[in-house]
Amino acid sequence: MESQNDKKEEIGDLIEKEQEIQHLNNPVDISIKPIVKQYLGAVKKVKKEGNRFYFSDGDARVEIRVVSDDIIRVRLAPHGVFLDDFSYAVPEVDQKVSVFKMQEHDDHYTVSTHAVTCKIEKANFHISFHDNITNLVMVDEPNSMHWEENVDFGGYYIFATKKCHPEENFFGLGDKSGNFNLRGRRFVNWNTDAYSYGWNQDPLYRTIPFYIGLHNQAAYGIFFDNTFKSYFDFGSEDVNKTSFWSDGGELQYYYIHGPHMMDVVKRYASLTGTHPMPPKWTLGYQQCRWSYYPESKVRDIAKNFRDRKIPCDAIYLDIDYMDGYRCFTWNKKYFSDPRKMIKDLSDDGFKTVVMIDPGIKVDDDYWVFKEGKEKRFFCRRSDDYYMEGHVWPGRCQFPDFTNPKVRAWWGNLYKEFVDMGVAGFWNDMNEPAVFGSGTFPNDVRHNYDGYRGSHRKAHNVYGMQMVRSTYEGLKKLMRNKRPFTITRAGYAGMQRFASVWTGDNIATWEHLKIGNIQCQRLSVSGVPFCGTDIGGFSGEPDGELFTRWIQLGTFSPFMRAHSAGDTAEREPWSFGEFFEDINRKFIELRYRLMPYLYSVFWEHHRYGFPILRPLVMLEQENISNSFRQDEFTYGDKLLICPVLEQGAISRKVYLPKGSWYNFWTNEVLIGENEYTVEAKIDSMPIFVRAGSVIPEYPVMQYVDEKAITEVALNIYHSDYEVNSYMYEDHGDTFAYEQDIYLEKRFTVKGDNSQLKVIQRSDGLYTPNYELYACNVAGLKFQVKKIIVDNKEIKEFFTDDKHILHFKCNKNFTEIQISSL
Ligand code: GLC
C-alpha cells in the first residue's frame, strides 16, 4: 500500500510563474513554497455510521452520506478530520430515505438506494454514480479528488475532476451572463459589484455553486456547497473534463439524481429551500429610480400612475431619502413627514420600499454607528483594527452579519420604519462592495455562526446573511405578516429570505437578451423571485427598447423598472403616448394574470418547481433546445417568446410537444415545430398549452384594489387530459403554513363532441367571490348543452372569436359542455 509520503507528489515546476517573478524582484522573500498536490491512495478501511459510510486510505477519509433516495453527499477530510458540519445553504442535510445498503465487491464498494448507486473503486478511490435502471451518470477522472495545503491561512485548496462526456451539456450556476448552456466555459464565484457588466463577464453578484449535467438524455446535479472563492470548468481547459475547485473549505458536494432536469431542480430545492409565499402585492408592477426625491416628486410619480391608469403597487426610495446616506434615517429636507407620505401613498394603493445598505457611517453622533460600536458588532481585521472602507456615506464600518447576535440587532433596527408603514426593504451593496478596493481584504474575521473564518470563507455569504437578518427581523416586527426583501448579493439558499434583481445592467438590446437568460438561469438554480432593471440601469433606452423590456418584465417573477440617477426619466409614460398605451396594456396583462402568477409561485414554494422554465427543461431529449434560450414557460402553461431584436415585427418561435393556443388569436398550433409569428411592437408572442385553465382577475390599479366578485376561467380545449392548478390565500399572512389556503385542480379533457372540466379543492381558505366566468376556447363543435353538477346552464353564448361564455358557481365539481 502507498504511504502518505508516496502520495505526496512534489511538483517543483508547479511554482507558479507569478511567484517566480515575485522572487526575482524580491530575493529576500522566503515565503515561496513549492505547491504540493496530494491525492487519495487506495481504500484501506471502511466504516458505517447510520446513513454515513467512511472510506479511508489510512490518512485521508471520504464520507459518503445517503441524504435521500436521490441525493448522496461526498466529503473529503485530507487528514481524516472533517470540519464541523455547518452550512448556510442547507439547513438540514438528512431527508427521508427508504432503503440503502453498502456492499463489498472484488475491486469496489457500492452504496446504493433504490434509485442511485455510488461506486467507490478500491485501488484508486474513483467515485462514480449510476442510475439503477439505466447506466452510468457521472464518473471521476483519475486522481479526481485532491488538495494542496494553504500555508498562509491553513486548510487546503481543494479540487475535483469528473469526466465530461462528448455530448454532455451543463446548466445552472445562477448568476452568470452569457449563453444558457455552460459547456466550454470556465467560471469563478466571488460576489462582485459588477456595475454595467457585459456578456460573459464573470463573476457577478451572486454565488450558486450548483450545476446540472445532461447527457444521454439523463440529468444529474452537483451542488458544491463551498463558500470560498470557487471555480467551475465545463470542458474549457480539457474537453474531456469537468472540474470544480475552491480556494479553501471542505471538498463537499451533493450528487443529485435526475433523470429529468426538473427532478434535479426540485431536489436541489429540497436541500436549500424554496422562497416563502411573497406578499401578493409584490407580484404587481413596481417603480424605482435612483432616486425619487423630494417628497413632491414621489407624490407626482404616484399621481401620474393613477391619472394615467397604469397599474402600480410600489414606489421605491433609493439612497437619497437618507440623511447623508445613513441607514435608518430620513433626510428631513426632502422628506419632512415620511409617516404621512407613506400613509397617503398607502391610501392610494402604493407600498413604499426603501434601500438599506450595509456600510454604516463612522459618526459618533449617529445612533446606529454608536450602538454597533458599543456592542462590537462591526467586522474587524486579523489584528483587531476595524474593517473600514468608503461607500456612499464616506468612511464606513460594516456589521458582521455572520454573527447571530448582529443579525438579531440589525433585524430590529427596522422597527421604526416598519411602524411608519414602510412595506419592503432593498438590501444593496452587500457583496460587500467597497469603493476603490472592491471588497474587504481577505484577513477580515467573521463569526460565521461560531464556525469562525476569514473573509475568504464569509465573503460569498455576507449578502445572504445580511438579507436573512433583514427578513427574520421583519418577520418578527411585522407580527407574522409576510416581509418583502430584495437583495443584490447572495449565496445558494438565499431564496429562503429574499427576491433578487440582476444588478446594474445597461439599456441595450444585448442586455435585454442577457437579462432574459439570467432570469431563467437563476430560476433553475433555485432563485425564483428574480427580475432585471426594466429599461436598463445605465444608458438610455428608446421607446421601443423600453416597451420590449416591459413586455419581457411582465413575465419576470419580479417586475420592477429602475434606472440610474444620471439618466433621463424612465416611467412607463416617458416615451410618449404610443408606447405608454402598449406599456399599460402589458402591465394590465400582468394584473389580469395575477391569480395565475400567484398559483405558479405556490407551485414553487410548495413543490420546488422553478417559476421560469427554459425550453431544454421541457424537452431535454432535444438538446438543440438548450440553444433556443430566448423562450421559456412561466409555470408550465404559458410559453413566453419575448422580442429581443430592434425593429422586429415578427419572430421565430419553437413550440414544444403538444398543442398550443396563440394567446392573442386563439389559433391552435402543433408543437415540435417552428413557426414565424407576428410580433409587432404592441404584441409579444405568448402561447397557452392546450388543456390549460388560466384564471384571470379584472384589471386593477393595484393588487386588492377591489373585492373580486368573480374570477374568469379561461379554458382551452384539449383532446388529452391536462391538469391546471389555482392557488388562493389571504395574500399577506403565514396562515398558509397552517393549511389556510385553497388549492384547486382543474382537469380538462375533450373530444369532437364534448368537453369536461373537473374541479377538486384542497385546503381551508374560502375566497369571497361566488362565481366563475368561464371562457372556453377551441371547441370543435356547436355547443348545445352545458351541464354543471347535473344542472343545465341556460345562459351562454359564443362570440365572434368562437369563445364560449357562461357563468357557474365557484364550487362546481364537473362541467360538461356538449354538442348533444
Ligand atoms: C447600486 C445599485 C443600484 C442603486 C445604486 C444607488 O448601484 O445596484 O440599483 O440604484 O446602487 O443606491
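**A ligand shell, two open sheets and some unusual backbone spots**

Pro432 sits in the loop that runs between strand 28 (424-427) and strand 29 (445-446). The peptide bond linking Glu431 to Pro432 is cis, with omega at about 0°. The model is a predicted one, and this loop makes a convenient place to begin a tour of it. A second bond of this kind joins Asp202 and Pro203, where omega is again about 0°. Pro203 belongs to the loop between strand 15 (186-189) and strand 16 (206-207). The loop between strand 14 and strand 15 holds another backbone feature, at Leu173. Leu173 is not a glycine, yet its phi is positive, at about 65°. As background for these three spots, most peptide bonds are trans, and most residues other than glycine have a negative phi.

The ligand comes next. Its surroundings consist of Trp290, Asp318, Ile319, Met355, Trp392, Trp426, Asp428, Arg488, Trp501, Asp504, Phe537 and His562. By character, this shell splits into seven nonpolar residues, four charged ones and one polar one. Several of these side chains come within polar reach of the ligand. In Asp504, a polar side-chain atom is found 2.5 Å from a ligand oxygen atom. For His562, the distance from a polar side-chain atom to an oxygen atom of the ligand is 2.9 Å. Asp428 takes part as well, with an N or O atom of its side chain 3.0 Å from an oxygen atom of the ligand. Taken on its own, the ligand has 310 Å² of accessible area, and the protein covers 97% of it.

Turning to the sheets, eight strands make up an open sheet with antiparallel pairing, and their order is 3-4-5-6-21-18-17-14. Strand 3 (45-49) and strand 14 (169-172) form the edges; each has a single partner strand, so one side of each has no neighbour in the sheet. From one strand to the next, the twist averages 20°. Within this sheet, strand 18 (residues 218-224) pairs with strand 21 (residues 251-257) through five bridges in the antiparallel sense. Here Ile222 is placed opposite Tyr255 of strand 21. The edge strand 14 also leads back to the backbone features described above, as Leu173 lies in the loop between strand 14 and strand 15.

Another open sheet has five strands, ordered 45-46-50-54-53, and its pairing is mixed. Its edges are strand 45 (693-696) and strand 53 (796-798), each with a single partner strand, so one side of each is left without a neighbour in the sheet. On average, and with direction ignored, neighbouring strands are turned by 25° against each other. At one of these edges, strand 53 runs antiparallel to strand 54 (residues 804-809), and three bridges join the two. Phe797 faces His805 of strand 54 across this pairing.

Strand 55 (residues 814-818) can be followed through two pairings. Five bridges connect this strand to strand 49 (residues 754-762), with the two running antiparallel. Gln754 has Ser818 of strand 55 as its bridge partner. Strand 55 is also paired with strand 51 (residues 785-788), antiparallel again and over four bridges. In that pairing, Lys785 stands opposite Ser818. Ser818 therefore has a place in both pairings, facing Gln754 and Lys785.

Finally, the aromatic side chains deserve a look. The aromatic pairs in the model number 77. One of them is formed by Tyr661 and Tyr716 in an edge-to-face arrangement, with 5.0 Å from centre to centre and 65° between the planes. Tyr661 belongs to strand 41 (residues 659-662) and Tyr716 to strand 46 (residues 710-716), so this pair ties together parts that lie 55 residues apart in sequence. Strand 46 is also a member of the five-stranded sheet, where the order places it between strands 45 and 50.

Technical notes:
Residues numbered from 1 in each chain as written. Predicted model: local features only at pLDDT ≥ 70, side-chain atom pairs only at ≥ 80, totals over all residues. Heavy atoms only, no water. Near = heavy atom within 4 Å. Polar contact = N/O pair within 3.5 Å; in protein donor to acceptor, adjacent residues only side chain to side chain. Areas by Shrake-Rupley, 256 points an atom, 1.4 Å probe, with all protein chains shown as cover. Nonpolar A, V, L, I, M, F, W, Y, C, P; charged D, E, K, R; others polar. Pairing = 2+ DSSP bridges. Axes fitted to C-alpha atoms, helices over the stretch in contact; angles between N-to-C directions. Phe/Tyr/Trp six-rings, centres within 6.5 Å; stacked < 30°, edge-to-face > 60°.
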